[in-house]
Amino acid sequence: MNSLEGLVKPGSQPKRLNNSENFTFTEGPGWDNDSILYFSDCPTHTTKVLRQSGQFETFRSQTRSGNGMALTHGGELLVCEGVGNRISAVDIQSKSVRTVVNEYNSLPLNAPNDLVLDRSGGIYFTDPVFTHAGSKPQQDAEAIYYVSPEYEISRLWSGAYKPNGIVLRPDAESLLVADSFSNIIWCIELSAPGNIRNVYEWGHLEIPNKAYVYDMNGKEIFFPEYPDATLADGMALDTIGNLYVTTQLGIQALDVKGNLIGILEFPEQPANCAFGGQDMQTLFVAAQTSIYSIDMSVKGPVSYTHLRAHETDSYL
């Protein structure tokens with residue numbers, strides 16, 4: 001199944017950008033709306049940057065298995081720290097770090113995985129447990145949370161096996177959430193920031209013959225108890241409203257109604273993606289040891305989010 005005409009620029013193919021070096025497991029790409037791509041290398045606990053010149057640099061170390069990230073208009077980089085059980089905020093200029101949230105109901109978070117900001121400065125994030133990646137259950141559920149602009153946390157919903165990628169749709173009235181251990185893309189309709197009106201199955205992904213991941217020793221781990229697992233991970237939206245979901249089979253593109261358009265294959269299994277580039281028509285893809293790009297015919301949205309500045313704490 002492949003009907004990607006109109007989405008991918010004619011003749012464009014995935015291009016590996018880090019030809020001179022390998023990373024360990026890339027994640028969380030985020031474009032700064034100018035010239036820099038930020039991304040995580042989870043096992044090495046580092047945040048990397050890719051500059052317009054093509055040069056890769058280490059931006060921050062000791063990220064405690066940093067994963068999904070989001071840039072704010074306030075000049076901070078929000079990072080889901082899986083092993084750190086928190087979301088941190090890093091000042092882009094000074095690189096000072098503070099904790100945004102690290103607990104719910106006086107218990108540590110599981111392993112924050114991915115996040116998205118709304119127009120008011122609130123944060124929606126997923127908090128699953130992936131034991132093969134070293135995380136341990138801390139909460140009584142694998143859930144989606146909302147952190148208000150006043151930094152009050154509430155549990156939004158816990159109906160997915162492994163909530164992972166999360167995006168806010170263009171109307172800001174609903175979220176789309178990927179479940180790694182199923183083929184369902186969930187839609188969470190919002191009546192107000194942090195308040196659910198309805199939850200339903202919005203779209204369905206193609207299922208691989210056998211879903212598997214590699215543990216920290218390179219051994220394959222299968223999930224026979226989850227026959228519909230797609231290993232759906234990070235996602236991105238274009239300005240039309242099409243959704244791009246990283247999965248074991250590649251990036252699965254769904255239209256605005258949740259129908260599968262086609263699958264964009266990569267040399268390595270993708271884990272996350274983000275639009276960027278000067279015209280916002282480049283899809284950057286984090287995939288295992290690499291960062292790829294592919295030229296698109298559609299554009300990604302320019303970030304409008306922000307988060308109010310808080311004092312720096314000492315938890316680095």
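A disulfide is taken here as a pair of cysteine sulfur atoms within 2.5 Å. The structure is a predicted model, in which local features need pLDDT of at least 70, side-chain atom pairs count only at pLDDT 80 or more, and totals for chains, interfaces and linings use all residues. Residues are numbered from 1 along each chain as its sequence is written, and side-chain values use heavy atoms, with hydrogens and water left out.

**Exercise 1.** Determine how many disulfides the rule gives, and examine Cys42 and Cys187.

*Solution.*
1. The count is zero disulfides.
2. For Cys42, the closest cysteine sulfur belongs to Cys80 and lies 10 Å away, which is too far for a bond.
3. Cys187 is likewise in no disulfide, the sulfur of Cys273 being its nearest at 18 Å.
4. Buried denotes under 20% relative accessible area, exposed over 50%, and partly exposed in between (1.4 Å probe, protein chains only). Cys42 is buried at 7%, and Cys187 is buried at 0%.

**Exercise 2.** Establish the strand order of the open sheet that contains β1, and identify its edges.

*Solution.*
1. Strands are DSSP runs (E, at least two residues), numbered from the N terminus; two of them pair if DSSP finds at least two bridges between them.
2. The order of the four strands is β1-β28-β27-β26, with antiparallel pairing.
3. β1 (15-16) and β26 (272-276) each have a single partner strand, so they stand at the edges, with one side of each lacking a neighbour in the sheet.
4. Two bridges join β1 to β28 (residues 290-295) in the antiparallel sense; Lys15 has Ser293 of β28 as its bridge partner.
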